[in-house]
Every structure is written in structure tokens, then in C-alpha cells.
Amino acid sequence: MAAMPKPADSKGGGKATVLLGAQWGDEGKGKLADVLSTQMDVCARCAGGNNAGHTIVANVNGVKTKFDFHLLPSGLVNPRCAGFIGSGVVVHVPSFFEELDKLEKKGLNCDGRLFISDRAHLVFDFHQVVDGLKEVELGGSSIGTTKKGIGPAYSSKASRSGLRVHHLYDPELFASKFRKLVEGRFKRYGHFEYDTEGEIARYKAFAERLRPHIVDGVTFIHTALSSNRRVLVEGANALMLDIDFGTYPFVTSSSTSIGGVCTGLGIPPNAIGDVIGVMKAYTTRVGMGPFPTELTDDIGHHLQEVGAEYGVTTGRRRRCGWLDLVMMRYSCLINGYTSLNLTKLDVLDNLKELKVAVGYTVDGKELTSFPADLEVLAKVEVQYKTLPGWEGDISKATTFDELPQTCRDYVDFIESFLSVKIEWIGVGPARESMIHRA
């Protein structure tokens, strides 16, 4: 294994900084991950797979270049930052190499700085086929999966029939377990077209190409922390898509909360330092599921178009609505954010007034928490606080004081309601369009 880059300095070492989506995903985590990774030695993924999506624009050899990240840690944009895919991630090896090849063709050299835990589970093409079959089976109740095979791969993991990265290096065992796994899917879904023996041969070739990237994941991450290397954990998806705490069953198949950081990387809670929650200045979600503050009027259309609300991974149009602080308060309780990154504040430019959800009632009775029952959630009447808009362009602001007063009032109201400091504010799509309140 190639050595990791030397640490920038010892300050902040021994504790991982965690970046988590606080809503339903697509909050713009990649931008802050890019900003923070310039100070980091390791950028780690702990859960999910290539169903995530970040777009980052960076200068490579003097040329402004756009990079799309799905499975690989976006901190790789920093040429001195190592990328690590932890044990809790499910890895589709063909997509891993496809993404890596695209990055390197655009001038990003990842040699010796991209690593995968030997305990990570594998996603196979048949998992992706099954993903589509499950959606067809669900019909009108479909979850809205990305059809990347993530859910079926986690199902294999939970049923203790999955294959992990280390199995690639025992060819006979791998072939035997793989055949058994595919046969099980044929029995469940019928005999779909799939070349089992061809896949076994393909993965034998993949194993050799993958070998330089494989590490003992627990040793890797603990060595980084104990050596005072700065570690950034880049969350995938978001709290409201968490398998336990999200709007189940309209969720992903992994733990996207702070708990997933510990289980996905093999680190204890006391190895976690700052926990930064990323939230949009409004709310979006993709796919099916409840959305109390959703807007289907002209304002909703404005948010979609001005905010360019289309998925990086799927291209799907995102549903948009007002900022929901009831849901955000629930998110703060679970993840314990030490600070927040408020993104896309500029998308609210030119709106005369803004609404923020501050309570839910059902049959006139206020709910004391975010409901687990989606039937209850579907019936809530949202209580809104109306605030004046700023009706101007904030994209040139570089400090909080340069924002219009009504804009600062909007930020202050969110901060006061949640009792969490808003440390970072996104005021435009560019990398430098980020206000940092020290």
C-alpha cells in the first residue's frame, strides 16, 4: 500500500470532522467538502454507494474543470488528500473504475491515494437488475430508488449472504458464494437474463486491478487519526433518508446519521470532533414520500429553476418547498450538529416574502415531535412563520454583514429556532461563494 500524504500539521488531529446531510439529501454537501478538503489529509465515505452525487468545479493545471463524484470521496479534488471508502459503503467495482478513469482523464491524479476497506460489501450487476424488479413489484407504492443496486446489496449484507471485498482474493470461495447468491435471486424473481460465469471471470480480472487500493479499513482509519492526520467524513444522502430515522419506507438502505459514521468506519464516538449539518435555505426531496412543505405553484417552480434542482446521479427533477424547521429540529436532535452550513440562500433572492415551517398540527392539536407514522405526517397542517424577503442579489457578499438586513434576519431566525450556529452560508454556485462566520 502506498503511504498516505504527510499531515498538514497536528492541529485538529485525532478527531474526525463529519459532514452530514440534514434534510432529504442534495443539500450541496460537495461544495463544503471541497472547501474543507483543502485542509484535510483524508476524506472518507462511511455509508451508501454510487447512489450519492456531488458536482465540484476545481482548477486542474490552471483549467477550471467540473468533476462529478458518486462513489469516490470528493476530497480527491485536493491533490494531497487521500480518499477512503469505508466498511459501511457498498461498492460497485465497475462504477468505481469508471469514475476513477473519468477523474484521471480530466487531469486528477489519484495514484497511491485512493483506498477501500477490505470489509466493504460488493454491489453486482444482478443487484441492479433486482432493484428495478423490486420497483416494478411495488408498483404505485414504489420508493423511487436510483436503481443502482444499493438496497438489494444491503439486503444481501443483512441476510448474511453478501460478498465483501476480501472475498475477491479467494477465487474458489468467491465463485461458489456468487453462484449461490445469483441462484437465490432467480428463485425469488424468476430467471432473468444474466451471465453468471462471465461475471465471475470479470471479477477475477477486477480483483487484480483493485488490489493496490485494498486496505484493512479499521487499521487505516485509526492509523490516520492517531498520526494526527486531519480526517473529513463525507456523509452520503441525508438524515431524512436514514433507514431508521428517515421517512421509512421512503429512505435509503443505510445509516446516514451520525451513528453510520461509527459503524461505517469502525471508529468510536470519542473519535468524532465537529459535526457539520448541511441544509438548504429551503427544502427539496426526490422520489416518492411525504413532503409537508412542498410547493407546486409558481414559487415551487422558481425554486426548481433558479436552484437548478435536478439530480447529479439520476437527472430527476427535485420536488421543492419552504424550509421545514420542524424536520430540521428533529435532525439536530439525532445528529447533534456543532454547526450548520446553510446552502443556496441566493435562490431565495427576489422573493417578496418567505415562509418557514415552525409547527405541525393534526386535527387542531400540535405535534410535539416529528411523527414516525407517515399516515399522520400526510395529515399534518403546517404552521408557518412569514418573514420578509430581501428582493436583491446576494451573490457578491463575502461577509455576513454585507448581506441585506432582512436576509440576516432570516439566517438569525433559523439559528435561534434550532439553537445551532450557522457557520457557513452559500450565496452562489461558485466555490468561493461561501461566507464563513468564524
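Gly 392 sits in the loop between strand S18 (381-388) and helix H12 (405-418), where helices (H or I, at least four residues) and strands (E, at least two) are DSSP runs numbered from the N terminus. This is a predicted model, so to speak of a local feature takes pLDDT of at least 70, side-chain atom pairs count only at pLDDT 80 or more, and totals for chains, interfaces and linings use all residues. Numbering runs from 1 along each chain as its sequence is written, and side-chain values use heavy atoms, with hydrogens and water left out.

Leaving aside neighbours within four places in sequence, Gly 392 is in contact (heavy atoms within 4.5 Å) with Asp 349 and Asn 350. Pro 171, by comparison, is 221 residues from Gly 392 in sequence and 62 Å from it in space, C-alpha to C-alpha.

The domain assignment splits the chain into domain 1 (16-118 + 213-276), domain 2 (122-208) and domain 3 (279-436); such bounds come from an automatic or database assignment. Between domain 1 and domain 3, the C-alpha centres are 24 Å apart. Their contact draws on 38 residues from domain 1 and 39 residues from domain 3. The two bury about 3000 Å² between them, with 61% of it on carbon and sulfur atoms; buried area here is the accessible area (1.4 Å probe) that two parts lose on being put together, summed over both. On the domain 1 side, Gln 23, Trp 24 and Lys 31 supply 24% of the area buried against domain 3, more than any other three residues.

What about polar pairing across this interface? The rule finds 14 residue pairs in polar contact there, both residues at pLDDT 80 or more. A polar contact is a pair of N or O atoms within 3.5 Å; within protein, one must be able to donate a hydrogen and the other to accept it, and residues adjacent in sequence count only if both atoms are side-chain atoms. As for elements, strand S1 (16-21), helix H1 (29-37), strand S3 (54-60) and strand S11 (272-280) are the ones that give two or more residues to the side of domain 1 that touches domain 3. H1 gives the largest share, 5 residues. By class, that side has 18 nonpolar, 14 polar and 6 charged residues, with Ala, Val, Leu, Ile, Met, Phe, Trp, Tyr, Cys and Pro counted as nonpolar, Asp, Glu, Lys and Arg as charged, and the others, Gly among them, as polar.

Across the same interface the rule finds 1 salt bridge, meaning a side-chain nitrogen of Lys or Arg within 4 Å of a carboxyl oxygen of Asp or Glu. The side chains of Asp 26 and Arg 318 meet in a salt bridge at 3.3 Å, N to O. Asp 26 is found in the loop between S1 and H1 and has a positive phi of about 65 degrees, although it is not a glycine.An unreviewed UniProt entry lists Asp 26 and Gly 53 under "binding site"; such annotations may be inferred rather than shown by experiment, feature names are shortened, and positions follow the numbering used here. The two span 28 residues in sequence, yet their C-alpha atoms are no more than 7.8 Å apart, so they gather at one spot.

The peptide bond from Tyr 248 to Pro 249 is cis, with omega near 10 degrees.
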